[in-house]
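Subject: Structure for you to look over

Hello,

Here is the structure we talked about handing over. My notes on what was found follow below it.

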Amino acid sequence: MSLSCRIGHYGSVRVLVVEDQMVLANRIAEGLRDQGMAVDVAYDGSAAMEITAFTRYDVIVLDRDLPRVHGDAVCASLVASPAEARILMLTAATAVEERVDGLNLGADDYLAKPFAFTELVARIRSLARRSPSTPPVAVRGDLVVDRIRRRACRAGQAVALTRKEFGVLEVLLAADGGVVSAEDLLEKVWDEHADPFSNTVSVTVSRLRRKLGSPALIETVIGTGYRLGDPP
């Protein structure tokens with residue numbers, strides 16, 4: 001099926017920004033959220049290692065010169081762990097040797113400060129697309145979702161989704177018919193500041209279900225969560 005419809009670009013990449021300069025870290029996080037990403041922030045290496053032990057990220061933006069635990073040690077720990085996050089290292093050093101050292105530690109990419117925010121966004125999106133387990137285009141019945149171009153079509157018609165709606169759809173597609181709890185959706189599509197007691201997930205799922213049209217694709221499993229039903 002051809003994905004020829006045109007709609008806007010959306011994002012549901014989950015990012016951890018590890019930067020000890022709080023103003024810079026918060027500005028990066030705010031800018032990435034404006035791009036539709038779910039973003040958490042850690043201000044030192046110890047906090048980064050703690051949060052990555054129980055939270056899955058697609059990309060970790062890691063400053064190299066961190067207090068408490070140096071960025072090099074954080075990078076080495078992440079590479080040695082089961083975590084699948086891509087690592088983008090930041091540093092004020094511009095020497096080639098510094099860049100090579102960072103890559104040799106296992107970082108996937110390297111960006112010197114100061115940097116253009118648009119380049120940071122582009123590199124994060126590029127890294128997030130490099131997961132070998134995630135095909136760029138998913139097809140389920142008459143639904144086609146292009147993860148790279150952030151487009152969705154059903155029966156050849158564009159479906160205009162918000163960033164969060166697209167993120168929920170991606171997670172449900174990845175589950176391949178399995179049930180996804182509201183808590184999992186909140187963790188993967190939103191960020192740590194989302195209110196776990198709000199109805200934001202159910203409201204977003206309801207809007208998404210309505211936009212996808214009939215016959216309904218998203219099923220509610222009472223007391224458990226949501227799943228994509230079998231293709232019609």
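To begin with one residue pair, R154 stands opposite Q157 in strand 9. Helices and strands here are DSSP runs numbered from the N terminus, with H or I over at least four residues for a helix and E over at least two for a strand.

This is a predicted model, in which local features need pLDDT of at least 70 and side-chain atom pairs count only at pLDDT 80 or more, while totals for chains, interfaces and linings use all residues. Numbering starts from 1 along each chain as its sequence is written, and side-chain values use heavy atoms, with hydrogens and water left out.

The sheet

Strand 9 belongs to an open sheet of four strands in the order 6-7-8-9, paired antiparallel; two strands pair if DSSP finds at least two bridges between them. Strand 6 (137-140) and strand 9 (157-158) are the edge strands, each pairing on one side only. Strand 8 (residues 151-154) is joined to strand 9 by two bridges, and the two run antiparallel. Helix 6 (residues 163-175) packs on the sheet and touches strand 6, strand 7 (143-146) and strand 8. Contact means heavy atoms within 4.5 Å. The direction of helix 6 makes about 110 degrees with that of strand 7; axes are lines fitted to C-alpha atoms, for helices over the stretch in contact, and angles between N-to-C directions run from 0 to 180 degrees.

Backbone points to check

Most residues other than glycine have a negative phi, and most peptide bonds are trans. The exceptions listed here are these:

- A155, in the loop between strand 8 and strand 9, has a positive phi near 55 degrees. A155 is exposed, at a relative accessible area of 51% (buried is under 20%, exposed over 50%, partly exposed in between, with a 1.4 Å probe and protein chains only).
- D176, in the loop between helix 6 and helix 7 (182-189), has a positive phi near 50 degrees. D176 also counts as exposed, at 60% relative accessibility.
- K113 and P114 are joined by a cis peptide bond with omega about -10 degrees. P114 sits in the loop between strand 5 (109-112) and helix 5 (117-128).
- The bond from S214 to P215 is cis, with omega near -10 degrees. P215 is in the loop between helix 8 (200-212) and strand 10 (218-221).

Helix 7 against helix 8

These two helices pack at an angle of about 85 degrees, with their axes 9 Å apart. Helix 7 and helix 8 are therefore roughly perpendicular (65 to 115 degrees; under 35 is roughly parallel, over 145 roughly antiparallel, the rest oblique). A182, L185 and L186 in helix 7 meet T200, V201 and V205 in helix 8. The contact residues divide into five nonpolar, one polar and no charged (Ala, Val, Leu, Ile, Met, Phe, Trp, Tyr, Cys and Pro are nonpolar, Asp, Glu, Lys and Arg charged, the others, Gly among them, polar).

Cores

A nonpolar core is a set of buried Ala, Val, Leu, Ile, Met, Phe, Trp, Tyr and Cys residues joined through side-chain atoms within 4.5 Å. The largest has 25 residues, of which V168, L169, L185, L212 and I218 touch the most other members. Strand 7, helix 6, helix 7, helix 8 and strand 11 (225-228) each supply at least two residues, and helix 6 gives the most, with six. Leaving aside neighbours within four places in sequence, L169 is in contact with L143, V145, A152, L161, L208 and L212. A second, separate core of 20 residues includes V13, L88, L120 and I124.

Regards
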